[in-house]
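Hi,

Here is the structure I promised to pass on. Have a look at it first, and my notes are underneath.

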Amino acid sequence: PAQMVAKVVRCCLRCVVCVLQKFVKYLTAACYVMIAIQGGTFCASTQRAWVLLKSQKRLAAMTDFTTDVMLSLISGSIALVCAAIAFIVLKFSGDFPNWVFEGTGMTDVAEVSDPTLPVLVTFFFAYLVSENFLDALQSTIGTVLLCYCADVKLNKKEGQLARPMVALEEL
């Protein structure tokens, strides 16, 4: 029983550390955006980013959830397409005419008996590469969100516009 309790405690601690790590990573990214927008120190920018995101918490949560879901679907789709192309090439490579492979130096392509492992490896690497490329898009979306929150805070006072906002009101 004591070992089981220790395993449960370790599992809970891992979960807490994982959540804390994701939170710190998210807040650090927001901090760097605030440094780029307004300048200042790391700690002060972190505090400003936290206040901004807290003021628009529904919008931030909705944007983050939607972004995570959409980018995961896009990464999965890219990986599936790459795996499907790999399967087609491996399964039907004997049916392709020789001129398809002439540019690669492979004029005599042997058929693969079981394409499962190469297709899985292709899927895995395609997913990793697409996730890394889409991280830039996720950073861009987070930057635009933070800029919008800063625009709302700077230019909107008590429901009325103090100055014209840079962003469109429909956003």
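Below is what I found on aromatic pairs and cysteines.

One thing before the details: this is a predicted model.

Aromatic pairs first. There are four of them in the structure, and I'll go through two. F23 and W50 meet edge-to-face, with 5.5 Å from centre to centre and 85° between the planes. F23 sits in helix α1 (residues 2-38) and W50 in helix α2 (residues 42-55), so this pair ties together parts that are 27 residues apart in sequence. Neither ring is hidden away: F23 is partly exposed at 35% relative accessibility, and W50 is partly exposed at 38%.

The other pair is F123 with Y127. Their ring centres are 6.5 Å apart and the planes are at 20°; stacked means under 30 degrees, so this pair counts as stacked. Both residues belong to helix α4 (residues 116-155), where they are four residues apart, or about one turn of the helix. F123 has a relative accessible area of 30%, which makes it partly exposed, and Y127 is also partly exposed, with 30%.

Now the cysteines. How many disulfides does the structure hold? Zero. Take C149, which is in no disulfide: the nearest cysteine sulfur belongs to C147 and is 9.3 Å away. A disulfide needs the two sulfur atoms within 2.5 Å, so C149 and C147 do not make one. As for burial, C149 is buried at 1% relative accessibility, whereas C82 is partly exposed, with a relative accessible area of 32%.

Cheers

Methods
Residues numbered from 1 in each chain as written. Predicted model: local features only at pLDDT ≥ 70, side-chain atom pairs only at ≥ 80, totals over all residues. Heavy atoms only, no water. Phe/Tyr/Trp six-rings, centres within 6.5 Å; stacked < 30°, edge-to-face > 60°. Helix = DSSP H or I, 4+ residues; strand = E, 2+ residues; numbered from the N terminus. Buried < 20%, exposed > 50% of the residue type's maximum accessible area, 1.4 Å probe, protein only.
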